[in-house]
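Colleague: I have some questions about this model before I go back to the bench. Could we go through it together?

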Amino acid sequence: MAQLSDDCFAFGGPMMSVDDAVATIAARVNAVAECESVDLADADGRVLASDVRAPMALPPFTNSAVDGYAVRSADLPRDKERAFSVSGRIQAGSPSPGAIAADHAIRIFTGAPMPEGADTVFMQEDVRIDGTGNVVLPPGLKAGANVRPAGEDIPQGHLALPAGRQLRPQDIALLAALGMTRIEVKRRLRIAVFSTGNEVVSPGEPRSPVQLFDSNRFMLTAMLKRLGCEVSDLGILRDDRASLASALQDAAARHDLILTSGGVSTGEEDHVKAAVESVGTLVLWRMAIKPGRPVAMGIIGGTPFIGLPGNPVASFVTFTYVVRPVVMALAGAVQRRLALTPVCAGFSYKKKAGRREYVRASLRSTGNGTLEAVKFPREGAGLLSSLVDTDGLVELGEEIVKVEPGQTVGFLDYTALL
(Lines give C-alpha, C1' and ligand atoms only; values in the text may rest on other atoms or scores of the structure.)
Protein backbone atom coordinates (compact mmCIF):
# COMPACT_ATOMS: atom_id res chain seq x y z
CA MET A 1 0.00 0.00 0.00
CA ALA A 2 1.03 3.65 -0.45
CA GLN A 3 2.18 4.67 3.03
CA LEU A 4 2.17 8.32 4.14
CA SER A 5 2.94 9.88 7.50
CA ASP A 6 0.00 11.21 9.50
CA ASP A 7 1.27 14.80 9.35
CA CYS A 8 2.29 15.05 5.69
CA PHE A 9 -0.90 16.94 4.83
CA ALA A 10 -0.90 19.17 7.89
CA PHE A 11 -0.93 22.48 6.09
CA GLY A 12 -4.45 23.81 6.87
CA GLY A 13 -4.87 27.55 6.41
CA PRO A 14 -7.36 29.61 4.41
CA MET A 15 -9.37 28.45 1.42
CA MET A 16 -6.96 27.07 -1.18
CA SER A 17 -7.03 27.54 -4.92
CA VAL A 18 -7.66 24.45 -7.03
CA ASP A 19 -4.12 24.48 -8.46
CA ASP A 20 -2.50 24.85 -5.03
CA ALA A 21 -4.66 22.10 -3.56
CA VAL A 22 -3.92 19.64 -6.34
CA ALA A 23 -0.19 20.43 -6.34
CA THR A 24 -0.03 19.94 -2.59
CA ILE A 25 -1.71 16.55 -2.72
CA ALA A 26 0.14 15.22 -5.76
CA ALA A 27 3.52 16.24 -4.34
CA ARG A 28 2.93 14.30 -1.12
CA VAL A 29 1.69 10.92 -2.30
CA ASN A 30 4.11 8.16 -3.22
CA ALA A 31 3.61 6.09 -6.34
CA VAL A 32 3.11 2.37 -5.86
CA ALA A 33 6.40 0.51 -6.22
CA GLU A 34 5.13 -2.88 -7.35
CA CYS A 35 5.29 -3.74 -11.06
CA GLU A 36 4.07 -6.59 -13.22
CA SER A 37 4.54 -7.87 -16.75
CA VAL A 38 1.42 -7.95 -18.92
CA ASP A 39 0.62 -9.07 -22.44
CA LEU A 40 0.60 -6.22 -24.92
CA ALA A 41 -3.07 -6.90 -25.64
CA ASP A 42 -3.86 -6.15 -21.97
CA ALA A 43 -1.66 -3.06 -21.62
CA ASP A 44 -4.11 -0.33 -22.67
CA GLY A 45 -4.54 2.17 -19.84
CA ARG A 46 -1.68 0.76 -17.78
CA VAL A 47 1.24 2.90 -16.60
CA LEU A 48 4.71 2.11 -17.94
CA ALA A 49 7.11 1.14 -15.16
CA SER A 50 10.29 2.08 -17.06
CA ASP A 51 11.48 3.72 -20.24
CA VAL A 52 11.06 1.76 -23.46
CA ARG A 53 13.89 2.18 -25.96
CA ALA A 54 13.46 1.01 -29.52
CA PRO A 55 15.08 -2.42 -29.94
CA MET A 56 15.03 -1.87 -33.70
CA ALA A 57 14.64 0.98 -36.15
CA LEU A 58 11.22 1.96 -37.46
CA PRO A 59 10.87 1.33 -40.28
CA PRO A 60 13.55 -1.37 -40.17
CA PHE A 61 14.36 -0.97 -43.88
CA THR A 62 14.04 1.79 -46.45
CA ASN A 63 10.77 1.39 -48.33
CA SER A 64 8.38 3.07 -50.72
CA ALA A 65 5.69 5.34 -49.28
CA VAL A 66 3.46 5.00 -52.37
CA ASP A 67 2.57 2.76 -55.28
CA GLY A 68 4.69 3.90 -58.22
CA TYR A 69 8.07 3.63 -59.90
CA ALA A 70 11.49 3.69 -58.20
CA VAL A 71 14.45 5.38 -59.92
CA ARG A 72 17.88 6.73 -59.14
CA SER A 73 17.94 10.46 -58.36
CA ALA A 74 20.84 10.79 -60.79
CA ASP A 75 18.41 9.83 -63.58
CA LEU A 76 15.58 12.23 -62.65
CA PRO A 77 14.10 14.14 -65.62
CA ARG A 78 15.17 17.77 -65.35
CA ASP A 79 13.39 19.93 -67.93
CA LYS A 80 11.01 17.62 -69.76
CA GLU A 81 9.37 14.23 -69.37
CA ARG A 82 11.38 11.13 -70.10
CA ALA A 83 10.68 7.47 -70.85
CA PHE A 84 12.27 4.70 -68.76
CA SER A 85 12.41 0.97 -69.31
CA VAL A 86 10.68 -0.95 -66.48
CA SER A 87 13.12 -3.64 -65.38
CA GLY A 88 11.39 -5.21 -62.38
CA ARG A 89 8.53 -5.32 -59.94
CA ILE A 90 8.62 -5.32 -56.10
CA GLN A 91 5.62 -6.03 -53.92
CA ALA A 92 5.38 -5.37 -50.18
CA GLY A 93 6.88 -8.32 -48.34
CA SER A 94 9.02 -9.37 -51.29
CA PRO A 95 12.82 -9.05 -51.27
CA SER A 96 14.52 -6.49 -53.45
CA PRO A 97 15.60 -7.91 -56.86
CA GLY A 98 19.02 -6.30 -56.54
CA ALA A 99 20.56 -3.08 -57.83
CA ILE A 100 18.68 -0.88 -60.25
CA ALA A 101 20.34 -0.20 -63.57
CA ALA A 102 21.00 3.33 -64.79
CA ASP A 103 18.16 4.89 -66.79
CA HIS A 104 15.72 2.21 -65.62
CA ALA A 105 12.66 2.25 -63.38
CA ILE A 106 11.27 -0.51 -61.18
CA ARG A 107 7.56 -0.92 -60.48
CA ILE A 108 7.15 -0.73 -56.69
CA PHE A 109 4.29 -0.85 -54.21
CA THR A 110 3.69 0.82 -50.84
CA GLY A 111 5.84 -0.73 -48.13
CA ALA A 112 8.08 -2.65 -50.52
CA PRO A 113 11.86 -2.40 -49.95
CA MET A 114 13.67 0.04 -52.18
CA PRO A 115 15.97 -1.59 -54.72
CA GLU A 116 19.67 -0.99 -54.21
CA GLY A 117 20.70 2.31 -55.81
CA ALA A 118 17.16 3.69 -56.07
CA ASP A 119 16.25 6.60 -53.79
CA THR A 120 13.18 8.25 -55.34
CA VAL A 121 9.67 7.07 -56.20
CA PHE A 122 7.20 8.57 -58.68
CA MET A 123 3.54 8.15 -57.73
CA GLN A 124 1.69 5.99 -60.24
CA GLU A 125 -0.96 8.69 -60.79
CA ASP A 126 1.76 11.13 -61.92
CA VAL A 127 3.16 8.94 -64.72
CA ARG A 128 1.92 7.33 -67.92
CA ILE A 129 2.80 4.22 -69.90
CA ASP A 130 3.67 4.74 -73.57
CA GLY A 131 2.93 2.44 -76.49
CA THR A 132 6.15 0.46 -76.04
CA GLY A 133 5.55 -0.34 -72.37
CA ASN A 134 8.00 2.21 -71.05
CA VAL A 135 6.99 4.45 -68.14
CA VAL A 136 7.07 8.18 -68.90
CA LEU A 137 8.14 10.24 -65.88
CA PRO A 138 7.54 14.00 -65.60
CA PRO A 139 10.21 16.53 -64.60
CA GLY A 140 10.34 18.41 -61.29
CA LEU A 141 10.32 15.64 -58.67
CA LYS A 142 12.82 16.14 -55.85
CA ALA A 143 15.42 13.51 -55.02
CA GLY A 144 14.26 11.26 -52.16
CA ALA A 145 10.54 11.89 -52.74
CA ASN A 146 8.03 9.28 -51.55
CA VAL A 147 10.62 7.17 -49.74
CA ARG A 148 10.62 6.15 -46.07
CA PRO A 149 14.23 5.82 -44.88
CA ALA A 150 15.09 3.16 -42.32
CA GLY A 151 14.71 4.69 -38.83
CA GLU A 152 12.73 7.66 -40.16
CA ASP A 153 10.04 7.12 -37.51
CA ILE A 154 12.21 6.00 -34.59
CA PRO A 155 15.93 5.19 -34.71
CA GLN A 156 17.18 2.05 -32.98
CA GLY A 157 17.95 2.78 -29.30
CA HIS A 158 15.84 5.94 -29.28
CA LEU A 159 13.43 6.58 -26.37
CA ALA A 160 10.14 5.29 -27.73
CA LEU A 161 7.96 5.73 -24.63
CA PRO A 162 8.91 7.23 -21.25
CA ALA A 163 8.27 5.73 -17.84
CA GLY A 164 5.03 7.01 -16.36
CA ARG A 165 3.16 7.05 -19.66
CA GLN A 166 -0.42 5.86 -19.30
CA LEU A 167 -0.65 3.72 -22.39
CA ARG A 168 -3.09 4.61 -25.14
CA PRO A 169 -4.06 2.61 -28.25
CA GLN A 170 -1.48 4.49 -30.33
CA ASP A 171 1.21 3.62 -27.78
CA ILE A 172 0.20 -0.03 -27.99
CA ALA A 173 0.57 0.19 -31.77
CA LEU A 174 4.09 1.54 -31.42
CA LEU A 175 5.10 -1.23 -29.01
CA ALA A 176 3.67 -3.84 -31.37
CA ALA A 177 5.56 -2.31 -34.31
CA LEU A 178 8.73 -2.71 -32.26
CA GLY A 179 8.00 -6.42 -31.94
CA MET A 180 7.21 -6.36 -28.22
CA THR A 181 4.74 -8.89 -26.80
CA ARG A 182 4.91 -8.10 -23.07
CA ILE A 183 5.52 -4.87 -21.19
CA GLU A 184 6.43 -3.95 -17.61
CA VAL A 185 3.78 -1.78 -15.96
CA LYS A 186 2.86 -0.51 -12.52
CA ARG A 187 0.34 -2.67 -10.74
CA ARG A 188 -3.21 -1.41 -10.68
CA LEU A 189 -4.24 0.80 -7.80
CA ARG A 190 -6.64 -0.70 -5.29
CA ILE A 191 -9.22 1.90 -4.29
CA ALA A 192 -12.06 1.63 -1.78
CA VAL A 193 -15.25 3.55 -2.57
CA PHE A 194 -17.99 4.35 -0.04
CA SER A 195 -21.07 6.49 -0.06
CA THR A 196 -22.22 7.94 3.25
CA GLY A 197 -25.52 9.04 4.74
CA ASN A 198 -28.83 7.74 6.01
CA GLU A 199 -30.61 9.44 3.14
CA VAL A 200 -29.29 7.11 0.38
CA VAL A 201 -29.91 3.46 -0.44
CA SER A 202 -28.47 1.26 -3.16
CA PRO A 203 -30.49 0.74 -6.34
CA GLY A 204 -32.59 -2.38 -5.99
CA GLU A 205 -33.04 -1.99 -2.24
CA PRO A 206 -36.22 -0.75 -0.55
CA ARG A 207 -36.39 3.07 -0.51
CA SER A 208 -38.45 5.12 1.88
CA PRO A 209 -40.27 8.23 0.63
CA VAL A 210 -37.52 10.45 2.07
CA GLN A 211 -34.54 8.54 0.67
CA LEU A 212 -32.65 8.69 -2.63
CA PHE A 213 -31.02 5.95 -4.65
CA ASP A 214 -27.24 6.24 -4.41
CA SER A 215 -25.71 7.44 -7.69
CA ASN A 216 -22.32 8.76 -6.59
CA ARG A 217 -20.81 5.38 -5.77
CA PHE A 218 -21.58 4.05 -9.24
CA MET A 219 -20.34 7.21 -10.96
CA LEU A 220 -17.08 7.27 -9.00
CA THR A 221 -16.50 3.56 -9.56
CA ALA A 222 -16.94 3.99 -13.31
CA MET A 223 -14.57 6.96 -13.37
CA LEU A 224 -11.92 5.08 -11.40
CA LYS A 225 -12.16 2.06 -13.69
CA ARG A 226 -11.60 4.34 -16.67
CA LEU A 227 -8.35 5.33 -14.96
CA GLY A 228 -7.34 1.67 -14.76
CA CYS A 229 -8.01 1.13 -11.05
CA GLU A 230 -9.28 -1.95 -9.21
CA VAL A 231 -12.27 -0.73 -7.23
CA SER A 232 -13.75 -2.19 -4.05
CA ASP A 233 -17.37 -1.11 -3.78
CA LEU A 234 -17.85 -1.06 -0.01
CA GLY A 235 -21.42 0.14 -0.05
CA ILE A 236 -23.04 2.86 2.03
CA LEU A 237 -21.77 3.96 5.44
CA ARG A 238 -24.53 5.19 7.71
CA ASP A 239 -24.34 8.37 9.78
CA ASP A 240 -22.68 6.79 12.78
CA ARG A 241 -19.22 7.98 13.78
CA ALA A 242 -18.01 4.73 15.30
CA SER A 243 -19.06 2.50 12.40
CA LEU A 244 -17.66 5.04 9.92
CA ALA A 245 -14.31 5.04 11.72
CA SER A 246 -14.16 1.24 11.87
CA ALA A 247 -14.98 0.80 8.19
CA LEU A 248 -12.47 3.44 7.11
CA GLN A 249 -9.71 1.93 9.24
CA ASP A 250 -10.39 -1.54 7.83
CA ALA A 251 -10.35 -0.22 4.25
CA ALA A 252 -7.06 1.60 4.84
CA ALA A 253 -5.27 -1.65 5.56
CA ARG A 254 -6.18 -3.13 2.17
CA HIS A 255 -6.20 -0.22 -0.30
CA ASP A 256 -4.03 2.49 -1.81
CA LEU A 257 -6.73 5.16 -1.54
CA ILE A 258 -10.09 5.58 0.20
CA LEU A 259 -12.72 7.64 -1.60
CA THR A 260 -16.04 8.63 -0.07
CA SER A 261 -18.84 10.98 -1.02
CA GLY A 262 -21.09 12.90 1.35
CA GLY A 263 -20.73 13.81 5.00
CA VAL A 264 -17.70 16.08 4.64
CA SER A 265 -19.36 19.44 5.26
CA THR A 266 -19.57 21.15 8.65
CA GLY A 267 -23.13 20.19 9.64
CA GLU A 268 -23.71 18.37 12.91
CA GLU A 269 -24.83 15.26 10.99
CA ASP A 270 -21.69 15.26 8.81
CA HIS A 271 -19.67 12.62 10.69
CA VAL A 272 -16.89 11.78 8.21
CA LYS A 273 -14.50 14.45 9.47
CA ALA A 274 -14.73 13.29 13.08
CA ALA A 275 -14.54 9.61 12.06
CA VAL A 276 -11.33 10.18 10.10
CA GLU A 277 -9.78 12.23 12.89
CA SER A 278 -10.50 9.42 15.36
CA VAL A 279 -8.44 6.89 13.38
CA GLY A 280 -6.02 9.12 11.48
CA THR A 281 -5.35 12.71 10.53
CA LEU A 282 -7.59 14.94 8.46
CA VAL A 283 -7.31 18.43 7.06
CA LEU A 284 -10.71 19.69 5.96
CA TRP A 285 -10.08 21.55 2.75
CA ARG A 286 -12.05 24.62 1.88
CA MET A 287 -11.24 24.67 -1.79
CA ALA A 288 -12.07 27.76 -3.81
CA ILE A 289 -14.14 25.84 -6.35
CA LYS A 290 -17.79 25.74 -7.34
CA PRO A 291 -19.43 23.30 -7.38
CA GLY A 292 -17.56 21.27 -4.80
CA ARG A 293 -16.10 23.37 -1.99
CA PRO A 294 -16.39 20.76 0.80
CA VAL A 295 -13.55 18.33 0.03
CA ALA A 296 -11.70 16.47 2.79
CA MET A 297 -8.20 15.04 2.60
CA GLY A 298 -6.52 12.91 5.22
CA ILE A 299 -4.39 9.92 6.15
CA ILE A 300 -5.63 6.73 7.80
CA GLY A 301 -2.95 4.22 8.70
CA GLY A 302 -0.66 5.61 6.02
CA THR A 303 -3.34 5.42 3.30
CA PRO A 304 -4.61 8.65 1.74
CA PHE A 305 -8.28 9.48 2.14
CA ILE A 306 -10.39 11.85 0.04
CA GLY A 307 -13.94 12.77 0.93
CA LEU A 308 -16.00 14.35 -1.85
CA PRO A 309 -19.25 16.33 -1.60
CA GLY A 310 -22.53 14.45 -1.64
CA ASN A 311 -24.15 16.39 -4.48
CA PRO A 312 -23.44 14.42 -7.67
CA VAL A 313 -22.33 17.34 -9.85
CA ALA A 314 -19.98 18.57 -7.12
CA SER A 315 -18.69 15.02 -6.73
CA PHE A 316 -18.10 14.74 -10.49
CA VAL A 317 -16.24 18.04 -10.72
CA THR A 318 -14.05 17.49 -7.67
CA PHE A 319 -13.24 13.95 -8.81
CA THR A 320 -11.99 15.35 -12.08
CA TYR A 321 -9.86 18.10 -10.55
CA VAL A 322 -8.81 16.55 -7.23
CA VAL A 323 -9.10 12.76 -7.27
CA ARG A 324 -7.84 12.22 -10.81
CA PRO A 325 -4.45 13.94 -10.21
CA VAL A 326 -4.01 12.00 -6.95
CA VAL A 327 -4.79 8.71 -8.68
CA MET A 328 -2.29 9.52 -11.42
CA ALA A 329 0.37 10.38 -8.83
CA LEU A 330 -0.26 7.16 -6.90
CA ALA A 331 -0.12 5.15 -10.13
CA GLY A 332 3.22 6.70 -11.07
CA ALA A 333 1.77 8.31 -14.17
CA VAL A 334 3.06 11.56 -15.61
CA GLN A 335 0.47 14.25 -15.00
CA ARG A 336 -1.15 15.80 -18.05
CA ARG A 337 -2.84 19.16 -17.79
CA LEU A 338 -6.31 19.35 -19.21
CA ALA A 339 -6.29 21.66 -22.23
CA LEU A 340 -9.05 24.23 -22.58
CA THR A 341 -10.68 24.70 -25.98
CA PRO A 342 -11.49 28.36 -26.71
CA VAL A 343 -15.16 28.85 -27.57
CA CYS A 344 -17.62 31.75 -27.55
CA ALA A 345 -19.89 32.12 -24.55
CA GLY A 346 -23.56 31.99 -25.43
CA PHE A 347 -24.62 33.12 -21.97
CA SER A 348 -24.21 35.78 -19.29
CA TYR A 349 -22.77 34.86 -15.89
CA LYS A 350 -21.56 36.52 -12.72
CA LYS A 351 -19.27 35.04 -10.07
CA LYS A 352 -17.02 35.93 -7.16
CA ALA A 353 -13.37 36.77 -7.69
CA GLY A 354 -10.88 34.34 -6.16
CA ARG A 355 -12.99 31.25 -6.85
CA ARG A 356 -12.83 28.92 -9.84
CA GLU A 357 -16.21 27.90 -11.20
CA TYR A 358 -17.31 25.27 -13.67
CA VAL A 359 -20.42 25.90 -15.74
CA ARG A 360 -22.16 22.96 -17.40
CA ALA A 361 -22.65 23.72 -21.09
CA SER A 362 -23.45 22.28 -24.50
CA LEU A 363 -21.68 23.22 -27.73
CA ARG A 364 -23.38 24.38 -30.90
CA SER A 365 -22.09 25.71 -34.21
CA THR A 366 -22.79 29.33 -35.04
CA GLY A 367 -23.47 30.78 -38.47
CA ASN A 368 -19.87 31.96 -38.85
CA GLY A 369 -18.41 28.52 -38.17
CA THR A 370 -17.32 29.07 -34.56
CA LEU A 371 -18.39 27.00 -31.56
CA GLU A 372 -20.63 28.50 -28.90
CA ALA A 373 -21.09 27.22 -25.35
CA VAL A 374 -24.72 27.22 -24.21
CA LYS A 375 -25.23 27.11 -20.47
CA PHE A 376 -27.54 24.48 -18.96
CA PRO A 377 -30.74 26.38 -18.10
CA ARG A 378 -30.89 25.40 -14.43
CA GLU A 379 -28.46 25.67 -11.51
CA GLY A 380 -27.92 23.15 -8.76
CA ALA A 381 -25.18 20.68 -7.84
CA GLY A 382 -27.74 17.90 -7.50
CA LEU A 383 -28.98 17.93 -11.09
CA LEU A 384 -27.67 14.81 -12.79
CA SER A 385 -29.49 15.87 -15.96
CA SER A 386 -27.11 18.82 -16.15
CA LEU A 387 -24.24 16.34 -16.69
CA VAL A 388 -26.18 14.02 -18.97
CA ASP A 389 -27.60 16.73 -21.25
CA THR A 390 -24.43 18.80 -21.71
CA ASP A 391 -21.13 18.28 -23.51
CA GLY A 392 -18.67 19.58 -20.93
CA LEU A 393 -17.63 22.32 -18.56
CA VAL A 394 -16.76 25.97 -19.11
CA GLU A 395 -13.91 26.82 -16.76
CA LEU A 396 -14.03 30.32 -15.27
CA GLY A 397 -10.78 31.21 -13.55
CA GLU A 398 -10.32 32.92 -10.24
CA GLU A 399 -9.81 36.34 -11.83
CA ILE A 400 -13.08 36.29 -13.82
CA VAL A 401 -16.09 38.03 -12.24
CA LYS A 402 -18.51 38.02 -15.17
CA VAL A 403 -19.07 36.59 -18.62
CA GLU A 404 -20.89 38.29 -21.48
CA PRO A 405 -22.26 36.66 -24.65
CA GLY A 406 -19.59 36.49 -27.35
CA GLN A 407 -16.72 36.47 -24.85
CA THR A 408 -14.07 33.78 -25.36
CA VAL A 409 -14.07 31.16 -22.60
CA GLY A 410 -12.27 27.87 -22.04
CA PHE A 411 -14.25 24.67 -22.58
CA LEU A 412 -13.47 21.15 -21.36
CA ASP A 413 -15.22 18.31 -23.15
CA TYR A 414 -16.30 15.46 -20.87
CA THR A 415 -14.52 12.98 -23.12
CA ALA A 416 -11.19 14.66 -22.31
CA LEU A 417 -11.67 14.67 -18.55
CA LEU A 418 -10.77 11.00 -18.06
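Colleague: Where is Asn146 placed?
Modeller: In this predicted model, Asn146 sits in the loop between β9 (135-137) and β10 (147-148). Its phi is near 60 degrees, a positive value in a residue other than glycine. Most residues other than glycine have a negative phi.

Colleague: Is Asn146 buried or exposed?
Modeller: Asn146 is partly exposed, with a relative accessible area of 23%.

Colleague: And what is phi of Asp103?
Modeller: Phi of Asp103 is near 65 degrees, also a positive value in a residue other than glycine. Asp103 belongs to the loop between β5 (82-90) and β6 (104-108), and it counts as partly exposed at 37% relative accessibility.

Colleague: Turning to the prolines, which residue does a cis peptide bond join to Pro59?
Modeller: That residue is Leu58, and omega of the bond is about -10 degrees. Pro59 is found in the loop between β2 (52-53) and β3 (63-64). The peptide bond from Lys290 to Pro291 is cis as well, with omega near -5 degrees. Pro291 lies in the loop between β19 (289-290) and β20.

Colleague: How many disulfides does the structure hold?
Modeller: It holds 0 disulfides.

Colleague: Why is there no bond for Cys35?
Modeller: The closest cysteine sulfur to that of Cys35 is in Cys229, and because the two are 16 Å apart, they are too far for a bond. A pair of cysteine sulfur atoms would have to be within 2.5 Å to count as a disulfide. Cys35 is partly exposed, with a relative accessible area of 38%, whereas Cys229 counts as buried at 8%.

Colleague: Which residues line the largest cavity?
Modeller: Cys229 is one of them, and the others are Gly45, Arg46, Val47, Lys186, Arg187, Arg188, Leu189, Leu227, Gly228 and Ala331. The lining divides into 5 nonpolar, 2 polar and 4 charged residues. About 90 Å³ of space lies in this cavity, and a search of the whole structure finds 1 cavity of 30 Å³ or more.

Colleague: Finally, how many residues has the largest nonpolar core?
Modeller: It has 48 residues, and those with the most contacts inside it are Ile191, Leu259, Ile306, Phe319, Tyr321 and Val327. Elements giving two or more residues to this core include α1 (18-28), β13 (190-196) and α6 (312-331). The largest share, 14 residues, comes from α6.

Colleague: Which domains give residues to this core?
Modeller: Domain 1 (3-32 + 188-331) and domain 3 (341-417) both do, so the core lies between them.

Methods:
Residues numbered from 1 in each chain as written. Predicted model: local features only at pLDDT ≥ 70, side-chain atom pairs only at ≥ 80, totals over all residues. Heavy atoms only, no water. 1 Å grid on protein atoms, 1.4 Å probe; cavity = no way out; pocket = protein on both sides within 12 Å on 5 of 7 lines; lining within 4 Å. Points joined across faces, edges and corners; volume = space filled by probe spheres on them. Nonpolar A, V, L, I, M, F, W, Y, C, P; charged D, E, K, R; others polar. Buried < 20%, exposed > 50% of the residue type's maximum accessible area, 1.4 Å probe, protein only. Core = buried A, V, L, I, M, F, W, Y, C linked by side-chain atoms within 4.5 Å. Helix = DSSP H or I, 4+ residues; strand = E, 2+ residues; numbered from the N terminus. Domains from an automatic or database assignment.
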